[in-house]
Amino acid sequence: MEKIIEENKQGTSLVLEQKESNNKKLFIESYGCQMNFSDSEIVASILHNEGYNTTQILEEADLVLVNTCSIRDKAEQTVRKRLEKYNAVKKINPDMKVGVLGCMAERLKSKFLEEEKIVDMVVGPDAYKDLPNLLKEVGEGRDAINVILSKDETYGDIAPVRLNSNGVTAFVSITRGCDNMCTFCVVPFTRGRERSREPQSIMDEIADLWSRGFKEVTLLGQNVDSYLWYGGGLKKDYDKATDMQKATAVDFAQLLDMCAIAFPKMRFRFSTSNPQDMHEEVLHVIAKHHNICNYIHLPVQSGSTRILKEMNRQHTREEYMELVDKIKNIIPDISLSQDIITGFPTETEEDHQDTLSLLNYVRYDFGFMFAYSERPGTLAARKLEDDVPEEVKKRRLQEIVDLQQDIAYQRTARFVGQTVEVLIEKSSKRSDLHWSGRNNQNTVVVFPKENYKVGEFVMVKVNECTTATLIGEAVGYSEMN
Ligand code: SAH
Ligand code: F3S
């Protein structure tokens with residue numbers, strides 16, 4: 001433990017956890033959302049106990065696992081290219097086994113084994129504890145599959161092995177699944193119903209990270225504001241909870257408050273917030289604690305009330321704007337980011353203009369913008385024709401991206417001249433003489449290294465900026481150290 005903290009101070013960026021007695025090699029890759037990257041750390045932990053250490057070299061692996069994403073068609077195509085690559089390596093090393101994990105495994109199930117014959121094992125997001133059995137089957141020459149979705153699996157009892165870690169920032173998952181059924185989205189089908197992880201196991205994981213020198217935790221869930229632990233299973237069954245369970249239930253505002261108090265020198269972030277579930281208490285908890293970042297990722301998807309309704313988002317344009325007003329009132333220094341989908345079925349030029357004007361109203365610091373990609377099995381795919389032509393989607397997307405870029409530059413520029421608190425994460429990509437970290441909002445800050453170390457909180461005077469990066473110089477340590 002001591003050793004890792006020491007390494008962080010020296011700026012070593014990789015914390016690899018290896019067991020000497022392990023003699024098999026696991027190559028694991030992740031695509032898609034942060035939850036997938038976090039799940040891969042759980043998988044690596046389970047396999048750690050089965051004799052596998054991780055390797056970064058594909059060619060030397062005994063087992064290759066790919067944690068996959070189904071959110072857009074392009075995400076699936078990327079994974080297919082990787083599978084082709086693994087199979088090319090397998091021709092040279094026939095003993096190597098290949099497994100598909102995550103959302104594509106759940107969506108395509110046995111198709112991978114029957115039609116495509118390119119993998120040995122298919123494992124859905126709730127079945128990772130079954131990996132030891134599945135590997136045994138594969139070892140005996142049989143194809144192995146488990147895509148059963150669970151109503152209570154949260155992997156709360158598994159201590160993740162941190163992969164590719166900078167030793168400073170980590171993700172801790174707090175909910176799994178999603179009950180929202182946005183009509184465009186495949187997640188409720190691939191990740192199942194929403195369930196919350198027991199608070200004590202969350203706190204234990206954070207305590208472990210703290211003791212190993214980590215300084216920032218992002219609490220993860222498809223919809224963190226909907227976190228509700230009551231000692232039962234699914235969120236949708238809360239009505240059937242006993243009085244005792246209800247009296248001791250913990251919601252997201254309480255969980256965040258507990259974390260901030262228990263670990264006053266750990267910085268907290270969270271993702272993702274769904275506008276319909278964001279309650280005012282959470283905003284007050286953020287405002288109250290210096291160690292909870294003033295940053296909310298608040299996907300909107302569209303600025304048009306009519307499209308929001310078609311998407312089954314549970315709010316109107318006006319309600320979203322009211323929520324943004326409330327957030328800015330309670331946390332004046334907040335940074336916001338968005339997800340937007342353009343070209344959803346039936347979207348008109350007028351709907352598109354509504355999205356652009358919403359960007360101007362909210363003034364997000366940055367965003368993730370996508371052209372609509374029809375996903376088989378979703379409500380939108382079943383009920384609505386994908387009727388916005390590709391070139392129109394492309395043009396609208398470009399207009400949204402361009403406007404967001406302009407706004408982002410202005411938002412980033414607001415920090416020029418200010419002194420901001422930065423947690424040092426790693427060397428800057430552009431220059432080995434500069435550190436890179438993020439301020440309390442979420443903006444990247446680079447500055448000369450001097451004698452500062454990875455994992456330290458420093459105050460940085462900002463002199464200039466680009467669209468997404470602040471450039472400055474350190475003026476001393478912050479009170480968070
Ligand atoms: N609540 C989740 C959302 C996951 S999907 C979270 O934790 O972030 C991330 C984003 O992908 C969504 O917000 C949406 O903007 C986009 N997305 C989802 N389905 C899509 C589709 N069919 N086509 C294009 N973009 C999509
Ligand atoms: Fe998907 Fe909507 Fe849930 S975007 S993950 S169904 S909140």
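Here is a quick tour of a predicted model of one protein chain with its ligands. Because the model is predicted, local features need pLDDT of at least 70 and side-chain atom pairs count only at pLDDT 80 or more, while totals for chains, interfaces and linings use all residues. Residues are numbered from 1 along each chain as its sequence is written, chains are lettered from A and ligands numbered from 1 in the order in which they are written, and side-chain values use heavy atoms, with hydrogens and water left out.

**The chain as a whole**

- The chain holds 16 helices and 21 strands; helices (H or I, at least four residues) and strands (E, at least two) are DSSP runs, numbered from the N terminus.
- A compact globule of 481 residues would have a radius of gyration near 23 Å, and the chain agrees with its 23 Å. That radius is taken over C-alpha atoms, and the globule rule is 2.2 Å times the number of residues to the power 0.38.
- Along its principal axes, the C-alpha trace spans about 65 × 55 × 55 Å.
- Of the 481 residues, 56% are buried. Buried means under 20% relative accessible area, exposed means over 50%, and partly exposed is in between (1.4 Å probe, protein chains only).
- Take the contacts between residues at least 6 apart in sequence: 72% of them join residues at least 24 apart. A contact here means heavy atoms within 4.5 Å.
- About 20900 Å² of the chain is exposed, and carbon and sulfur atoms supply 50% of that. Accessible areas come from the Shrake-Rupley method with a 1.4 Å probe; for residues, only the protein chains shown count as cover.

**Around ligand 1**

- Ligand 1 has 14 residues around it, and the closest are Gln222, Thr272, Gln301, Asp339 and Ser373. A residue is near a molecule or strand if one of its heavy atoms lies within 4 Å of it.
- Sorted by class, this shell has six nonpolar, five polar and three charged residues. Ala, Val, Leu, Ile, Met, Phe, Trp, Tyr, Cys and Pro count as nonpolar, Asp, Glu, Lys and Arg as charged, and the others, Gly among them, as polar.
- Two nitrogen distances involve the protein backbone: a backbone N or O atom of glutamine 222 is 2.6 Å from a nitrogen atom of ligand 1, and a polar backbone atom of serine 373 is 2.8 Å from a nitrogen atom of ligand 1.
- Aspartate 339 uses its side chain instead, with a polar atom 2.6 Å from an oxygen atom of ligand 1.
- On its own, ligand 1 has 550 Å² of accessible area, and the protein covers 87% of it.
- Strand E15 (335-342) and strand E16 (366-371) are the elements that give two or more residues to this shell.

**Around ligand 2**

- The residues surrounding ligand 2 are Cys178, Asn180, Met181, Cys182, Phe184, Cys185, Val187, Pro188, Gln222, Asn274 and Arg313.
- By class, that shell comes to seven nonpolar, three polar and one charged residues.

**Two aspartates in loops**

- Aspartate 365 sits in the loop between helix H14 (349-362) and E16, and it is buried at 7% relative accessible area.
- The side chain of aspartate 365 makes a polar contact with the side chain of arginine 411 (3.2 Å). A polar contact is a pair of N or O atoms within 3.5 Å; within protein, one must be able to donate a hydrogen and the other to accept it, and residues adjacent in sequence count only if both atoms are side-chain atoms.
- Aspartate 237 is in the loop between strand E11 (228-229) and helix H9 (243-247), and its side chain makes a polar contact with the side chain of lysine 236 (3.4 Å).

**A residue in a helix**

- Valine 285 belongs to helix H11 (residues 280-288) and is buried, with a relative accessible area of 8%.
- Not counting neighbours within four places in sequence, valine 285 is in contact with Ala253, Leu256, Asp257 and Ile292.

**Backbone oddities**

- Most residues other than glycine have a negative phi, and most peptide bonds are trans.
- Serine 271 and threonine 272 are joined by a cis peptide bond, with omega about 15°. Threonine 272 lies in the loop between strand E13 (267-271) and H11.
- Lysine 109 is not a glycine but has a positive phi of about 45°; it counts as partly exposed at 35% relative accessibility.
- Asparagine 312, also not a glycine, has a positive phi of about 60° and is partly exposed at 27% relative accessibility.
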